[in-house]
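Q: Please take a close look at the nonpolar interior of this model. Please then set it beside the strand pairing and the charged pairs, in one connected account.

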Amino acid sequence: MKDEEIGKNVKKIRMRKIKRNRKLLVQVGLIIFSIFLVVILVVALIMARGYVRSYLESKEEYMRPLAGRQQVNFDSLEALGWFFDMWENDPRLTEYYIEASESNEDYMTLLEKFPRREDIGSLDFNREKILAATEKEQRLLAAYIYSDFLTEQLLAYALMENMTSMIIDVSDEHWGTAIMVMGDIFAGDYETEGVYTHMGEDFSELLNDIEEVKTVKESGIPVFRRYDSGKTDNYYYIYISPIRDNDSGTVRAVQLLVYDWSKFHSDVIKDVLMTVGISALVLTLAAFLLLFFINRSAIRPVGRVQRGVREYMVTKDSERAYEHMKDIVQRNEFGALADDVTRMAVEIDRYTEEVTKLTGERERVETELALAADIQQGFLPEDFPEVQDYELYASMDPAKEVGGDLYDFFDIDETHVGLVIGDVSGKGVPASLFMMIAKVLIREYAKSSTSPAEVLAKTNETLCANNKHDMFVTAWFGILDRTSGKVVAASAGHEFPILRTPDGEFQLIKDRHGFVLGGMEMSKYREYELELGQGGILLVYTDGAPEATNGELELFGTDRMLEALNSRSGEHPKDVVENLTQAIAEFVGDAPQFDDLTMLCVKFNG
């Protein structure tokens with residue numbers, strides 16, 4: 001790649017990373033601001049709720065004794081139910097004010113019928129006296145009692161700031177009818193200033209909104225509650241207490257002592273909004289300062305590191321990448337990151353050079369291994385004899401490019417055939433070389449001796465003479481008599497052979513082993529004979545067959561070998577070898593092959 005093209009690619013990468021860094025900064029800023037804003041709102045709401053709760057609790061403590069004294073006044077009024085009925089039937093009675101003075105004829109008329117009792121501070125009347133009076137006297141008494149309660153007992157509550165007093169009939173026939181209203185009523189229909197009374201209005205809708213009214217009527221227990229008006233958007237705190245009929249004892253009306261805290265609510269909202277606004281402004285400035293610090297101490301250094309890494313990815317030049325990161329002077333994790341990335345780029349350059357060299361070396365080694373494998377395969381006989389008296393087949397499947405197993409067969413004379421199989425310790429090229437030496441020695445010594453034990457002994461002596469690397473080989477050497485089918489054999493620590501007689505099954509022949517070849521000088525080996533008979537089959541193999549391992553680390557074993565040989569038909573040695581090889585492959589599955597797999601099979605036809 002030319003320097004001009006490299007420069008263009010690096011410039012594109014820089015612009016892209018700048019945009020990404022700015023985007024990251026905006027995202028971080030939004031997250032920080034959102035967290036701050038949520039914290040401010042939560043704190044403001046908690047504080048506002050705390051203010052409101054404390055304020056209303058103080059108002060409750062203030063309203064409770066007022067309502068209690070007012071309720072005592074009603075409880076002391078005899079024939080309360082009769083007065084309620086009079087006021088309901090003739091609302092004009094509440095408009096007639098009777099002044100308690102000697103100049104008032106109506107008042108003096110009442111005193112004649114109901115004289116004033118100084119001990120109780122009011123007129124002396126009861127239901128019997130009321131019912132015995134004339135209609136005019138009854139009407140005057142009802143008007144006086146109403147005005148007396150209005151002026152003497154309820155007026156003080158109406159004059160209190162933001163306070164309203166209501167008496168509402170809750171009997172079945174007059175549910176929701178107001179008897180008297182003092183001060184501003186929250187229903188929204190009365191906006192006049194001062195004190196007034198009101199009769200006959202239906203307040204059932206209001207009472208249905210305030211479910212506690214029914215509760216107070218049924219239980220007779222006063223309650224406090226908040227009420228938010230849907231008509232005026234005002235906020236009220238209500239004390240609801242029962243008013244009982246003296247005759248029947250039932251709750252005839254309820255007293256609503258109402259405190260309007262709308263102004264306080266509005267002030268709280270304003271304070272909350274002001275607190276949120278000021279806090280948001282302060283936190284916004286703090287967020288900008290924090291973002292400036294993050295950008296200067298984190299994002300910009302990371303951006304430089306990213307540009308250096310990207311440039312190194314394009315140019316593969318650690319020096320140019322270092323130029324981007326050398327100015328990062330932060331004494332924190334990002335400065336350390338820049339130093340680490342710079343060192344990593346240098347190490348990558350060095351490693352790349354080493355890998356390039358190693359790749360060349362590996363290619364050369366692989367070429368040589370392939371050549372060695374070809375040489376090894378060419379060193380093993382592959383032209384199997386096609387004669388009438390016996391049939392033979394062998395195969396070797398190395399675990400690596402070059403194996404350490406060996407097999408061989410050769411004519412010793414016109415009537416005898418040498419059969420060899422072996423397994424060299426180790427793998428790869430050294431094992432292959434040792435294998436070829438052992439193979440040559442066995443074949444060479446077999447020319448001068450027809451005793452397998454003697455051939456193995458001479459081979460062992462030669463291998464031990466100059467075995468600097470302490471390598472060894474297990475071997476089985478047998479001589480087949482082509483006229484009789486008899487095999488004379490000796491074993492140097494090799495696997496047990498498998499024999500099938502003409503009328504039997506494959507069986508394991510547990511011969512006596514001698515020591516491995518190349519392991520110890522002066523080792524002796526014992527010979528033994530096997531009778532193949534016409535149609536008999538002899539199979540010898542290396543440990544790669546019984547020690548083949550599947551994914552569960554189970555060994556194939558000699559029992560499975562015998563089972564596979566006896567269950568799969570095959571009369572030709574090639575069929576026997578291939579059937580056993582297939583059974584091993586099915587057992588191993590996808591598990592890797594750890595050892596060479598070599599087999600040699602011979603069948604005597606007679």
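A: The account below starts with the nonpolar interior, then turns to a sheet and to salt bridges.

This is a predicted model, in which local features need pLDDT of at least 70 and side-chain atom pairs count only at pLDDT 80 or more, whereas totals for chains, interfaces and linings use all residues. Residues are numbered from 1 along each chain as its sequence is written, and side-chain values use heavy atoms, with hydrogens and water left out.

The largest nonpolar core holds 31 residues. Such a core is a set of buried Ala, Val, Leu, Ile, Met, Phe, Trp, Tyr and Cys residues joined through side-chain atoms within 4.5 Å; buried means under 20% relative accessible area, exposed over 50%, and partly exposed in between, with a 1.4 Å probe and protein chains only. Phe83, Phe125, Leu141, Ile145 and Ile167 are the members that touch the most others. Two or more residues are given to this core by each of α2 (80-89), α3 (105-113), α5 (135-158) and β4 (177-182); helices (H or I, at least four residues) and strands (E, at least two) are DSSP runs numbered from the N terminus. Helix α5 supplies the largest share, eight residues. Leaving aside residues up to four places away in sequence, Ile167 touches Gln70, Phe74, Phe84, Thr177, Ala178, Ile179, Met180, Ile243, Ala253, Val254 and Gln255, contact meaning heavy atoms within 4.5 Å. A second core, separate from this one, has 25 residues, among them Val420, Ala446, Val473 and Ala492. In soluble globular proteins, nonpolar side chains tend to be buried together.

Five strands form an open sheet in the order β8-β17-β16-β13-β14, with antiparallel pairing; two strands pair if DSSP finds at least two bridges between them. At the edges are β8 (390-397) and β14 (506-508), each of which pairs on one side only. From one strand to the next the twist averages 15 degrees. Strand β13 (498-500) is joined to the antiparallel β14 by three bridges, and Arg500 stands opposite Phe506 in β14. Helix α13 (557-567) packs on the sheet, where it touches β13, β14 and β16 (537-541), and its direction makes about 165 degrees with that of β14. Axes are lines fitted to C-alpha atoms, for helices over the stretch in contact, and angles run from 0 to 180 degrees between N-to-C directions. Helix α14 (573-588) lies across β8, β14, β16 and β17 (597-604), at about 150 degrees to β17.

The charged pairs return the account to helix α5. The model has 14 salt bridges, a salt bridge being a side-chain nitrogen of Lys or Arg within 4 Å of a carboxyl oxygen of Asp or Glu. Arg139 forms one with Asp90, the closest N and O atoms being 2.5 Å apart. This pair links distant parts of the chain, since Arg139 lies in α5 and Asp90 in the loop between α2 and α3, 49 residues apart. Asp90 counts as buried at 10% relative accessibility, whereas Arg139 is partly exposed at 31%. In another salt bridge, Lys129 and Asp124 have their closest N and O atoms 3.2 Å apart; Lys129 is partly exposed at 30%. Glu454 and Lys458 form a further salt bridge at 3.3 Å, and both lie in helix α12 (452-465), four residues apart, about one turn of the helix. Glu454 is partly exposed at 36%, and Lys458 is partly exposed at 29%. Asp85, Asp169 and Arg252 are joined into one network by salt bridges that share partners.
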